[in-house]
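Me: I would like to learn how to read cavities, ring pairs and helix faces from a set of coordinates. Could you take me through them one by one?

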Amino acid sequence: MAPAPVVVAVISWNTRDLLQRCLESFASEVEAGRVELWVVDNASSDGSAELVRERFGWANLIASEENLGFGRAVNLVASRTESEWIAPANADIAIREGTIEALLDTAERDPGAGAIAPRLVGKDGGTQHSVFGFPTVPYSFLLAIGAYRWIPRLGDRMAIPGYWDSERARRVPWAIGAFLIIQRAAWDAVGGFDERQWMYAEDLDLGWRLGSAGWSTRYEPRAAVDHVGAAATSQLFGSDPSPDWQRATFGFIVRRWGLGHSWAVALLNFVGAVLRWAALTPGSISNPGRYAERRRNYARWARVQLRGLRGRRTLERLS
């Protein structure tokens, strides 16, 4: 038999029930020969590896004795397979019928796309924001001054939450790695995930290196994937992992663009957060139920940005 065109690498850590849902959603794709599925279990203590062995004998299992992180685990699967496409996947996703076919169809129509991202659908049935711009200094400046509020097209181009048109297929800067398919040729050209990004921003880093190597990332809303979001990481970082994601982003920035760039982005983000915090002060006094929580969030975000003003070694350790 010809090998499956897509190797899916599901990375699992203490999300047994979601892992079961994920694997069940891929069963028909494996049976149809479109997917070869691997599970890397990162030393779960909830019986996830046993679940795979007992109920999903068609899945290839790597039961690691240590938590490899996301990127290193996907790299391990890629090194053991030879498919045309490698698909990193969180255990908290479930693909919908026709998703793999839609992604492969998109690949045929845009051969320059090194990575193709589906629409992610949250528990509420709404489309999750999954596409972002690169955290360059110009991008951070426009974000800090809120330029996207005045120019709607700019908000769409910058992929700002609430301003980005999630219904339009297009090439995008980069997409989050909850589920992507990546051309093997593009994967090999950039060397897969950078294992120094142990948790968070490994998808940002990969998207930037794909673009630097001449490959694009494409968003395809016809392909839909259900995504819980932060099912594993919330066990480590709490219900809101965004501060930890931002700290990992500084690790990416300093590694790829230098310390000066990291400091400039941190300062711009800090100023933008403080300005919004200040603007919400009158409202938080007169109507705390509407504004106080948003104001606290901006204060917390400002404190996170100050961590981006540390030295290179410290920032690299935040990855």
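Reply: What follows is a conversation about cavities, aromatic pairs, two helices and two single residues. This is a predicted model, in which local features need pLDDT of at least 70 and side-chain atom pairs count only at pLDDT 80 or more, while totals for chains, interfaces and linings use all residues. Residues are numbered from 1 along each chain as its sequence is written, and side-chain values use heavy atoms, with hydrogens and water left out.

Me: How many cavities does a search of the whole structure find?

Reply: Rolling a probe the size of a water molecule over the atoms shows where empty space is left. Here a cavity is a set of points, on a 1 Å grid over the protein atoms alone, where a 1.4 Å probe fits but cannot get out, and lining residues have an atom within 4 Å of a point. Grid points are joined across faces, edges and corners, and the volume is the space filled by probe spheres set on the points. The search finds 1 cavity of 30 Å³ or more, with a volume of about 50 Å³.

Me: Which residues line the largest cavity?

Reply: The lining consists of Ala115, Trp174, Ala175, Leu180, Asp203, Leu206, Gly207, Leu210 and Thr217. Helices (H or I, at least four residues) and strands (E, at least two) are DSSP runs numbered from the N terminus, and on that basis β9 (174-175) and α9 (202-212) each supply at least two lining residues, with α9 giving the largest share, 4 residues. By class, the lining divides into 6 nonpolar, 2 polar and 1 charged, where Ala, Val, Leu, Ile, Met, Phe, Trp, Tyr, Cys and Pro count as nonpolar, Asp, Glu, Lys and Arg as charged, and the others, Gly among them, as polar.

Me: Why is the pair of Trp174 and Trp245 stacked?

Reply: Rings of Phe, Tyr and Trp (its six-membered ring) pair if their centres lie within 6.5 Å, and planes under 30 degrees apart count as stacked, over 60 as edge-to-face and the rest as tilted. The whole structure holds 11 aromatic pairs. In the pair of Trp174 and Trp245 the centres are 6.3 Å apart and the planes at 10 degrees, so the pair is stacked. This pair links distant parts of the chain, since Trp174 is in strand β9 and Trp245 in helix α11 (residues 242-257), 71 residues apart. Trp174 is buried, with a relative accessible area of 1%, whereas Trp245, at 26%, counts as partly exposed; buried means under 20%, exposed over 50%, and partly exposed in between (1.4 Å probe, protein chains only).

Me: Which residues of helix α2 are buried?

Reply: An α-helix has 3.6 residues a turn, so residues three or four places apart point the same way. In α2 (residues 48-55) the buried residues are Ser48, Ala49, Leu51 and Val52. They cover an arc of only 160 degrees around the axis, which puts them on the same side of α2; the arc is that of the directions from the helix axis to the C-beta atoms. The face turned away from the buried side carries the exposed residues Arg53 and Glu54.

Me: How many residues of helix α3 are buried?

Reply: In α3 (residues 70-79), 7 of the 10 residues are buried, so the helix is largely enclosed by the rest of the structure. Those buried residues pack against β1, β2, β3, β4 (85-90), α8 (184-190) and α9, with contact meaning heavy atoms within 4.5 Å.

Me: Is Asp156 buried or exposed?

Reply: Asp156, in helix α7 (residues 152-157), counts as buried at 14% relative accessibility.

Technical notes. On a 1 Å grid over the protein atoms alone, a cavity is a set of points where a 1.4 Å probe fits but cannot get out, and a pocket is an open set with protein on both sides within 12 Å along at least five of seven lines; lining residues have an atom within 4 Å of a point.
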